[in-house]
Every structure is written in C-alpha cells, then in structure tokens.
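Colleague: Could you take me on a slow, close look at one small part of this model? I am new to this, so please explain the terms as you go.

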Amino acid sequence: MKACLFDLDGVIVDTAVYHFKAWRRLANELGFDFTEHQNEQLKGISRMESLERILSWGDVSLSPEEKETWAARKNEWYLAYVRQMTPAEVLPGVKDFLTTLHKNGIKIALGSASKNAPLILERIEMASYFDAVIDGTHTTRSKPDPEVFLLGAQALGFPPSDCIVFEDAVAGIEAAHRGGMKAVGIGSPEVLTEADLVVPGFTQLTLDQLFAL
Ligand code: B16
Ligand code: MG
C-alpha cells in the first residue's frame, strides 16, 4: 500500500444529510416524497443521475431544460448548507488518520463525485491534507465506474494495485474493485457487503489493518 484514495461525502464529512434535505425539498416541490432508505441509492452517484432516479421514484417527466433548472435549484439549496459548514464537521478520527498516513510516506488523494468538493474542503480547512484532488468536474463517468479513482491513482503516480480506497457508498466500493484497488468501507457491514474491510469510522482503524489487506 503506497497510496490512499478518499471519498468525500460520508467519509471525510457527512454532507449526505444536506444532499438528502435538498433533494427532498425538490421532490416535495414536484409533489412527492422519498425515504432515507431510498436516499442510500444516491450516495456516490452524480448530480444528474441522482435527479433521474428521484424523478423516476415520483413518476415525473421533465424536459432536458427543466432537469437542468431543477438540478441547479437543488444545488443552490445544498450550497446554502455547505456555506455554513465549519471544520468542526470533519468526521471523528479523520485528521489524525490522514496525518499518520503522511508520516508513514503514504500519498493521499480525494476521489469524489461532487463538483462542490473544492468548496467543501475549503470550508472544513482540509485542502492541504491532499496531494491530489479529483472531483466531479474532472470525470465524465459516475461511480461505480472506476474513472475517479483511476485518475486519483494516476495523479499520485501509483498503479491501482498500490492503492486503497475509502468509501461509504456501495457504488464507490464497486468502483474501487473495478479499478483494481482494495476498498475499505466506512459504515455498516450489512450495507457495504463487498468491501475488503468495514469499519464504523477512522477511530477504529489502524495502519496494520491496511497493510494486512
Ligand atoms: P454534487 P462523494 C457524491 O459525493 C455524493 O455522495 C452524491 O450524493 C452527490 O450526488 C455527488 O457527490 C455529486 O455531488 O451535486 O455536489 O456535484 O460521495 O463521491 O464524495
Ligand atoms: Mg460518499
């Protein structure tokens, strides 16, 4: 293991709750609702693909122009939450874990589907922790396609077999494996069944567990 690739939403910070609130407002304004359970399926999925799934749940058809308008609206509602974020929202153990990786000579990249990733890193004051940042503005294919992680490995200068991915989404675990990388799931083993190792958070993870993968 020479490099680690981190997802953002649900791994470094819990912006998933803000996505859920903003998507739910969109659904409600279009006359329907969806559950937190359905929201699981949106994790790691791009903005426009998320919109397509939500519209199908509500059985709503929109023109391409209307879809762009609603996606932009949702993003504004989401950004209203993001602009209020502070460094206190970084998930427990994350900063210490990344510092330990650095001290052991392991390179670190961000691999997020979010086009808002640079703004979030700025709000939580964590941009300097990453040797490379790959976000939704660099990719053309959404997880479970491995593109975002392959670009991350390339940016750090290591083959996929030297990289470990940290992910909270089923689609992200699949993306890591399709890219030839090991995947550590952050969350519950019942949800992240395909991960090579699942931990509830970074305070429960040691470097030795990673080297053993
Ligand atoms: P945006 P990640 C993903 O981030 C989120 O999990 C997903 O819910 C969201 O739709 C996607 O980013 C796009 O985000 O609308 O900000 O471009 O988990 O890959 O860090
Ligand atoms: Mg995520």
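Where does threonine 35 lie?

Modeller: Happy to help! First, this is a predicted model, in which local features need pLDDT of at least 70 and side-chain atom pairs count only at pLDDT 80 or more, while totals for chains, interfaces and linings use all residues. Residues are numbered from 1 along each chain as its sequence is written, and chains are lettered from A and ligands numbered from 1 in the order in which they are written.

Threonine 35 sits in the loop between α1 (16-29) and α2 (36-39). (Helices, H or I with at least four residues, and strands, E with at least two, are DSSP runs numbered from the N terminus.) Threonine 35 is exposed, because 10 other C-beta atoms lie within 10 Å. (Buried means 20 or more other C-beta atoms within 10 Å of a residue's own, exposed means 12 or fewer, and partly exposed is in between, with C-beta atoms placed from the backbone.) Asparagine 28, in helix α1, also counts as exposed, with 12 C-beta neighbours inside 10 Å.

Now follow the chain back to alanine 3. Threonine 35 and alanine 3 are 32 residues apart along the chain, and 36 Å separate their C-alpha atoms. Alanine 3 belongs to β1, a strand covered on both faces: Ala3 and Leu5 are buried on one side, and Cys4 and Phe6 on the other. So what stands beside this strand? β1 pairs with β2 in the parallel sense over four bridges, and alanine 3 stands opposite lysine 107 in β2. (Strands pair if DSSP finds at least two bridges between them.) β1 also runs parallel to strand β4 (residues 163-167), joined by four bridges, with phenylalanine 6 opposite phenylalanine 166.

β1 also helps to cover a helix. In α5 (residues 94-103), the buried residues are Val94, Phe97, Leu98 and Leu101. Seen down the axis of α5, they fall within an arc of 95°, so they line one face of the helix. (That arc is taken over the directions from the helix axis to the C-beta atoms.) An α-helix has 3.6 residues a turn, so residues three or four places apart point the same way. On the other side of α5, Asp96, Thr99 and Lys103 are exposed. The cover over the buried residues includes β1 (3-6) and β2 (107-111). Just after α5, glycine 105 takes a positive phi of about 75°.

Let's step back to the domains. The protein chain is assigned domain 1 (3-13 + 89-211) and domain 2 (16-82), with bounds from an automatic or database domain assignment. Their centres, taken over C-alpha atoms, are 24 Å apart. Domain 1 gives 16 residues to the contact and domain 2 gives 10, where contact means C-beta atoms, placed from the backbone, within 7 Å. On the domain 1 side, α6 (117-123) and α8 (170-178) each supply at least two residues, and α6 gives the most, with three.

Finally, where does ligand 1 lie? Both domains give residues to its shell, so ligand 1 lies between them. The shell holds 20 residues, the closest being Leu8, Asp9, Ser112, Ala113 and Ser114; a residue is near if its C-beta atom, placed from the backbone, lies within 6 Å.

Definitions and conventions:
Two residues are in contact if their C-beta atoms, placed from the backbone, lie within 7 Å.
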